[in-house]
Amino acid sequence: MLLPSLEDGITLLDVNGDRGVPILQSLVLDHLLLHDGPAFWIDANGHATTATLTQIAPRQRLLNRIHVARGFTAYQHYGAVCDLPSAVNKSIQMSTTDARAAGRGELSRDEDTSPHTPALIVAPAVDAQYRADDTLGETHAGTLQARTLARLATYADGYDIPVLVTRNERNEFTESIATVADHHLECEQTRMGPRVVGEDFETLVYPVGDGAYYQTTFAYWRQLLAARATQVDVEPTASVSTPTPEGVGTGVTADGGTVAATADPMLDAWTAADSGGR
C-alpha cells in the first residue's frame, strides 16, 4: 500500500517541503477508485486544478465524479460549505433520475456504498480565505473558520464519510483545525519520493518500474524478516539493537575480514543523479 486509506471523520493532511507533490489529489482519486459515489470539493487557492487531476487520473471519467465549488473570499468559502447539503441533494436527484432513464441498476462495490450518495468531502487550504480576508478582524476570522470546521464535522458524521482538509500554515490560528481533526497525515518530500505517515500507515517503499521497489527504512526489512521468521516457526527477537551514528553495522570482505558500514556514502551513491546506477 503506497497510499493510506481515508477513514470516516475529518482527516488533516499536512504537506511539508515541496508543495508540488500531488498527494492531496492522489488521495482523492485513490478513494474514488475504491468507493462509489461523488466527491464534493470546496476549493481554495486553486488546488482543484484540472491540469494536475488530469495528469494523475487513471481514467478521465473518474473526474466526472468530482463536484467543485470555489470560494475567493472568507464569506464565499463559508457560503459554499453551508450550501453543500443542497448540492448533495441536487446531485442525488440528478444521478437517480439519469439511472432510471437509462435503466441501469445500482452496481456498488459493497453494501455500504452507493453511486448516488457522497463518498468524500475535500476542503484544501481550509484556513486560507479566513486568514487573508482584510475585511475580517482576527476574532471574526477565527469565529468564521470555527463555524466552517463545525459544519464539516457535522457532514462527516451525517454522511458517514471522510472529510479531507489541509492548512496553509501551522500556527496558533490553525491549531483549531488540528484539534477538530479525527485523523492526521504527514507528507514529507524525500529524495526517494513523498513519504506519508499516519496513525496506522507509513510509506516504506517506492516503485521504480518493472515491478521493483526501493526500501526506504530499515524498519521495512525488520518487519519483513520478522514476518518470515514467524512463518517458519522461528521466534523473532523482541528488540533490534540501534547502530551508533557513525555506522549502521559491519560488513564482511572477500578475505573474511570485517569492516564498518557507514550510512551516508551508500545513501548518496544510491540517490545521486549522476551515479549512473541504482
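**Exercise 1. Work out whether Leu225 is buried or exposed, and which surface patch it belongs to.**

Step 1: Check the cut-offs: buried is under 20% relative accessible area, exposed is over 50%, and partly exposed is in between (1.4 Å probe, protein chains only).
Step 2: Leu225 has 56% relative accessibility, so it counts as exposed.
Step 3: Place Leu225 in helix α8, residues 218–231. Helices (H or I, at least four residues) and strands (E, at least two) are DSSP runs, numbered from the N terminus.
Step 4: Together with Trp221 and Leu224, Leu225 makes a nonpolar surface patch of about 290 Å². Patch residues have over 30% relative accessible area and no salt bridge; like charges are joined within 9 Å, nonpolar side chains (Val, Leu, Ile, Met, Phe, Trp, Tyr) within 5 Å. Areas come from the Shrake-Rupley method with a 1.4 Å probe, and for residues only the protein chains shown count as cover.

A quick note before you go on: this is a predicted model, where local features need pLDDT of at least 70 and side-chain atom pairs count only at pLDDT 80 or more, while totals for chains, interfaces and linings use all residues. Residues are numbered from 1 along each chain as its sequence is written, and side-chain values use heavy atoms, leaving out hydrogens and water.

**Exercise 2. Find which element gives the most to the largest nonpolar core.**

Step 1: A nonpolar core is a set of buried Ala, Val, Leu, Ile, Met, Phe, Trp, Tyr and Cys residues joined through side-chain atoms within 4.5 Å.
Step 2: The largest one has 26 residues, and Leu13, Ile23 and Trp41 are among those with the most contacts inside it.
Step 3: At least two residues each come from β1, α1, β2, β4 and β6.
Step 4: The winner is α1, with 6 residues. Buried residues of α1 include Leu24, Leu27 and Val28.

**Exercise 3. Describe the salt bridge between Arg167 and Asp14.**

Step 1: You need a side-chain nitrogen of Lys or Arg within 4 Å of a carboxyl oxygen of Asp or Glu.
Step 2: Arg167 and Asp14 fit, at 2.9 Å from N to O.
Step 3: Arg167 sits in the loop between β5 and α7, Asp14 in strand β1, 153 residues apart.
Step 4: Both residues are buried, and they join Arg170 and Glu186 in a network of salt bridges.

**Exercise 4. Compare the two partners of the Arg70–Asp43 salt bridge.**

Step 1: Their side chains meet at 3.7 Å, N to O.
Step 2: Arg70 is in strand β3 and Asp43 in strand β2, so the pair ties together parts 27 residues apart in sequence.
Step 3: Arg70 is partly exposed at 45%, whereas Asp43 is buried at 2%.
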